[in-house]
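Here's a quick briefing to read with the model open in your viewer. Grab a coffee and follow along residue by residue.

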Amino acid sequence: MARKVKPEQIVVLGDFLDCYSVSDYSRDPSRIGNLLKETSSARLAIKELEALNAKKYIFIEGNHEDRVRRYIETKAPELQGITSTQQLLGLQKWKFVSYKS
């Protein structure tokens, strides 16, 4: 549908990723995945959206994407500044709005 409509602006409203593997909540072992696998499939979806050649792209971070920042802050502070949602998803073309901004 989006290819037909050719939107001028694309807005992702958050929770594009689940980030289940870095969640603070108790996790079901049968659902534990791999953050790299999850972000790889999300990156493909971002590339599909970018292929629509909109004039403007906005990514509003949801609480699920914010799990990456919280995980690094609490469990791996030595990784601070090494990665982020923007880097994991390759959002160079996107205006990024941080969670709760």
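What follows is a short tour of the fold, one helix, the aromatic residues, a pocket and a few loop positions.

Keep in mind that this is a predicted model. The chain has four helices and three strands, and from the N terminus on they come in the order α-β-α-β-α-α-β.

**Overall picture**

- Taken along the principal axes, the C-alpha atoms fill a box of roughly 40 × 30 × 20 Å.
- The chain has 101 residues, and 35% of them count as buried.

**Helix H2 and its two sides**

- H2 covers residues 35–50, and its length checks out: at 1.5 Å a residue, its 16 residues should span 22 Å, and the end C-alpha atoms are indeed 22 Å apart.
- Which residues of H2 are buried? They are Leu 35, Glu 38, Thr 39, Ala 42, Ile 46 and Glu 50.
- These buried residues cover an arc of only 115° around the axis, so they sit on the same side of H2.
- Turn to the other side of H2 and you'll find Lys 37, Leu 44, Lys 47 and Glu 48, which are exposed.
- Note that the buried set includes Glu 38 and Glu 50, while Leu 44 is among the exposed residues.

**The aromatic residues**

- There are four aromatic pairs in the structure.
- One of them is Phe 16 with Phe 59, an edge-to-face pair with 6.0 Å from centre to centre and 80° between the planes.
- Phe 16 is in the loop between E1 and H2, and Phe 59 is in strand E2 (residues 56–60), so this pair ties together parts that are 43 residues apart in sequence.
- The two partners differ in burial: Phe 16 has a relative accessible area of 30%, so it is partly exposed, whereas Phe 59 is at 0% and counts as buried.
- Tyr 57 and Trp 94 make another pair, this one tilted, with the centres 4.9 Å apart and 50° between the planes.
- That pair also links distant parts of the chain, since Tyr 57 is in strand E2 and Trp 94 is in the loop between H4 and E3, 37 residues apart.
- Both Tyr 57 and Trp 94 are buried.
- Put together, Phe 16, Tyr 57, Phe 59, Trp 94 and Phe 96 form one aromatic cluster.

**The largest pocket**

- The volume of the largest pocket is about 200 Å³.
- It is lined by 14 residues, and the ones closest to its centre are Arg 69, Thr 83, Ser 84, Thr 85 and Gln 86.
- Two elements give two or more residues to the lining: helix H3 (66–75) and helix H4 (85–89).
- Which of the elements gives the most to the lining? That's H3, with four residues.
- Sorted by class, the lining has seven polar, four nonpolar and three charged residues.

**Positive phi angles**

- As background, most residues other than glycine have a negative phi.
- Asp 15 goes the other way, with a positive phi of about 55° although it is not a glycine.
- You'll find Asp 15 in the loop between E1 and H2, where its 38% relative accessibility makes it partly exposed.
- Lys 100 is also a non-glycine residue with a positive phi, here near 65°.
- Lys 100 lies in the segment after strand E3 (95–97), and with a relative accessible area of 74% it is exposed.

**Two more positions to look up**

- Where is Lys 6? Look in the loop between helix H1 (2–5) and strand E1 (9–12).
- Lys 6 has 62% relative accessibility, so it counts as exposed.
- In sequence, Lys 6 and Asn 53 are 47 residues apart, yet their C-alpha atoms are 7.8 Å apart in space.
- Tyr 99 is in the segment after E3, and at 30% relative accessibility it counts as partly exposed.
- From the C-alpha atom of Tyr 99 to that of Leu 35 it is 19 Å, with these positions 64 residues apart along the chain.

Methods:
Residues numbered from 1 in each chain as written. Predicted model: local features only at pLDDT ≥ 70, side-chain atom pairs only at ≥ 80, totals over all residues. Heavy atoms only, no water. Buried < 20%, exposed > 50% of the residue type's maximum accessible area, 1.4 Å probe, protein only. 1 Å grid on protein atoms, 1.4 Å probe; cavity = no way out; pocket = protein on both sides within 12 Å on 5 of 7 lines; lining within 4 Å. Points joined across faces, edges and corners; volume = space filled by probe spheres on them. Nonpolar A, V, L, I, M, F, W, Y, C, P; charged D, E, K, R; others polar. Phe/Tyr/Trp six-rings, centres within 6.5 Å; stacked < 30°, edge-to-face > 60°. Expected span 1.5 Å × (residues − 1). Arc of directions from axis to C-beta.
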